[in-house]
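Biologist: I should like to understand the reasoning behind the words used for this structure. May I put my questions to you one at a time?

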Amino acid sequence: MTWGLTADEWVIVGLSLKIGVAAMVAMLPPAFALAWLLARRRFPGKLLLDTLVHLPLVVPPVVTGWLLLLLFGTQGPIGRWLMAWFGVTLLFRWTGAALAAAIMALPLMVRAMRLSIMAIDRRLEQAAETLGASRLRIFCTISLPLALPGIVAGAMLGFARSIGEFGATITFVSDIPGETRTLPIAIYSALQMPDSEAAVMRLALLSIALSFAALILSEYLARRAAPSGPSHGL
Amino acid sequence: MTAFLLRALALLTLSCASISHAVPHDRGPVLLAAASMQEAMTAAADAWAARGHPRPVLSFAGSSALARQIKAGAPADLFLSADEAWMDDVARAGWLAPGSRSTLAGNSLVLVAPRARPVRLRIARGMPISRALGDGRLAMADPDSVPAGKYGKAALTALGAWPQVAAKIVRTDNVRSALALVERGEVPLGIVYATDARASTGVSVVGAFPASSHAPIRYPVARIKGSTSKDAEPFRRFLLSPAGKAILARYGFSTR
């Protein structure tokens, strides 16, 4: 079944999904930890951390990509270290695209998760505590299940953001077919060719359809999480 | 709060109105030019302004983006494209003033390496470019769509080197991004225009591709249909005059 897509287009869609999933999965633990920290704890520098987490939302993506290139390039401090110790490089690789997408997705993931953590009724946790439950048990049987829909919604939102990532990605890992040419980059690249309107239109519709599906899933999960309250998503 | 917002809105409206009001007066022609022409056209606009004319308004981007803007009705006066294909595209769509198209300049293609890690390689048929790359990649503008990349692919194909390097190419959205990757030492080799290599202090030229290995690199300039600036045609003529060509030559373009 090809659904009318060409082999090249399937490669592009597959790669976009792979990068989106990798970015989402890799960011899930740190995003949750940050959301928990920001929702529950008071500590010096909280405002600063909050701002740093949200920075990718407002900094021009090309700046993020450029910083990634400086840090993770073969000449950069982290890139050189990764190469020397593990023999891996993120530059010009799909893993680099996933890293760029993950950083851009982080603020949206943390936001959604943080709201759902803040919505947990603390009295339920306190009740469990008076009944002698350990903190780990309270977390696993009360807090986590109650926050779960928000976590899933945040993850879907992060995924949706990841498959749309363009600026940081093209700056960091450029455009290599089958490796870093995701949907947005393929659209941009097709725009550079004369008489490519039909190809651009197909890819653009595909991109809208994917984003729409991811967003609607995220909204649906968020609504299920809070049937009476407002959406936890955007 | 509402009063404040209303005031801010009023201020914004006023300033917008005054901007749009100010535009028709004393403005030079709007030139949409290929990114590789940035330094040369800035100098040309300065020279034109120094002769007492209103300074042309310059906008630089990839030729593809500019062509699309023109076809979408961008209020511009002149178009300077990095290749004939995009000028043809605009012409076919009926957006060029008849008889205003001329070739302004030419360029050549070079192989560059980071200044810190020079590469010795003689550019010829059967050159061991794959060995020179090693584990590294070759940076060039997208060989399917961006002019510099298309010329580069043609040259590598003519020299029989394309099959060796096709899988090692890093495609960039424009030629200057490829230059930046070489400057930063992220790739051992890159293909850029001779003028780009000349504008950078971070790269050294390994060698030039023979002119016979690719279609001639030409920059056509033309007036856009519907151009309203009375300075558009005089500025176009100035660019094509000996004085204009001398400026282009200073930045490494050929102007024969």
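Modeller: Let us begin with a definition: a residue is buried if 20 or more other C-beta atoms lie within 10 Å of its own. In chain A, buried residues make up 41% of the 234 residues. Please keep in mind that this is a predicted model.

Biologist: What is the corresponding share of buried residues in chain B?

Modeller: In chain B, 45% of the 256 residues are buried.

Biologist: How do you know that A:Phe92 is buried?

Modeller: The cut-off is 20 or more other C-beta atoms within 10 Å. A:Phe92 has 26 C-beta neighbours inside 10 Å, so A:Phe92 counts as buried. This residue lies in the loop between helix H4 (77–86) and H5 of chain A.

Biologist: What makes the phi of A:Phe92 worth a remark?

Modeller: Most residues other than glycine have a negative phi. The phi of A:Phe92, however, is near 60°, a positive value in a residue other than glycine. A:Ser174 also has a positive phi, near 50°.

Biologist: Where is A:Ser174 placed, and how do you know whether A:Ser174 is buried or exposed?

Modeller: A:Ser174 belongs to the loop between helix H8 (167–173) and helix H9 (183–191) of chain A. With 30 other C-beta atoms within 10 Å, A:Ser174 meets the cut-off and is therefore buried.

Biologist: Which kinds of element does chain A contain?

Modeller: Chain A has 10 helices and zero strands. Its pattern along the sequence is accordingly written α-α-α-α-α-α-α-α-α-α. Taken along the principal axes, the C-alpha atoms of chain A fill a box of roughly 70 × 45 × 30 Å.

Biologist: Why are H3(A) and H5(A) called oblique to each other?

Modeller: Two packed helices are described by the angle between their axes and the distance between the axes. Helix H3 (residues 61–72) and helix H5 (residues 94–118) of chain A pack at about 130°, with their axes 11 Å apart. Angles over 145 degrees count as roughly antiparallel, and 65 to 115 as roughly perpendicular. The angle of about 130° belongs to neither class, and H3(A) and H5(A) are therefore oblique. Their crossing is right-handed.

Biologist: Which residues make the contact between H3(A) and H5(A)?

Modeller: H3(A) contributes A:Pro61, A:Thr64, A:Gly65, A:Leu68 and A:Phe72, while H5(A) contributes A:Gly96, A:Leu99, A:Ala100, A:Ile103 and A:Met104. By class, this contact has seven nonpolar, three polar and no charged residues.

Biologist: Why does the word oblique also apply to H1(A) and H5(A)?

Modeller: Helix H1 (residues 7–40) of chain A and H5(A) pack at about 40°, with their axes 6 Å apart. Roughly parallel requires an angle under 35 degrees, and roughly perpendicular begins at 65. The pair H1(A) and H5(A) is therefore oblique. H1(A) passes H5(A) in a right-handed crossing, and the contact has 26 nonpolar residues, one polar and three charged.

Biologist: What makes the pair H6(A) and H7(A) roughly antiparallel?

Modeller: Angles over 145 degrees count as roughly antiparallel. The axes of helix H6 (residues 122–130) and helix H7 (residues 135–163) of chain A cross at roughly 150° and come within 10 Å. The value lies over the cut-off, so the pair is roughly antiparallel. The contact joins A:Leu124, A:Glu125, A:Ala128 and A:Glu129 of H6(A) to A:Ile138, A:Ile142 and A:Ser143 of H7(A). Four of these residues are nonpolar, one is polar and two are charged.

Biologist: How do you know that H8(B) is largely enclosed by the rest of the structure?

Modeller: Eight of the nine residues of helix H8 (residues 175–183) of chain B are buried, so the helix is largely enclosed. Among the buried residues are B:Val175, B:Arg176 and B:Leu179. After H8(B) comes B:Gly185, with a positive phi near 75°.

Biologist: How many residues take part where chain B touches chain A?

Modeller: In chain B, 17 residues are in contact with 15 residues of chain A. Helix H4 (84–92) and strand S7 (169–172) of chain B each give two or more residues to that side. By class, this side of chain B has four nonpolar, five polar and eight charged residues.

Terms used:
Residues numbered from 1 in each chain as written. Chains lettered and ligands numbered in written order. Predicted model: local features only at pLDDT ≥ 70, side-chain atom pairs only at ≥ 80, totals over all residues. Contact = placed C-beta atoms within 7 Å. Helix = DSSP H or I, 4+ residues; strand = E, 2+ residues; numbered from the N terminus. Nonpolar A, V, L, I, M, F, W, Y, C, P; charged D, E, K, R; others polar. Axes fitted to C-alpha atoms, helices over the stretch in contact; angles between N-to-C directions. Left-handed = near helix turned anticlockwise from the far one by under 90°. Buried ≥ 20, exposed ≤ 12 C-beta atoms within 10 Å, placed from the backbone.
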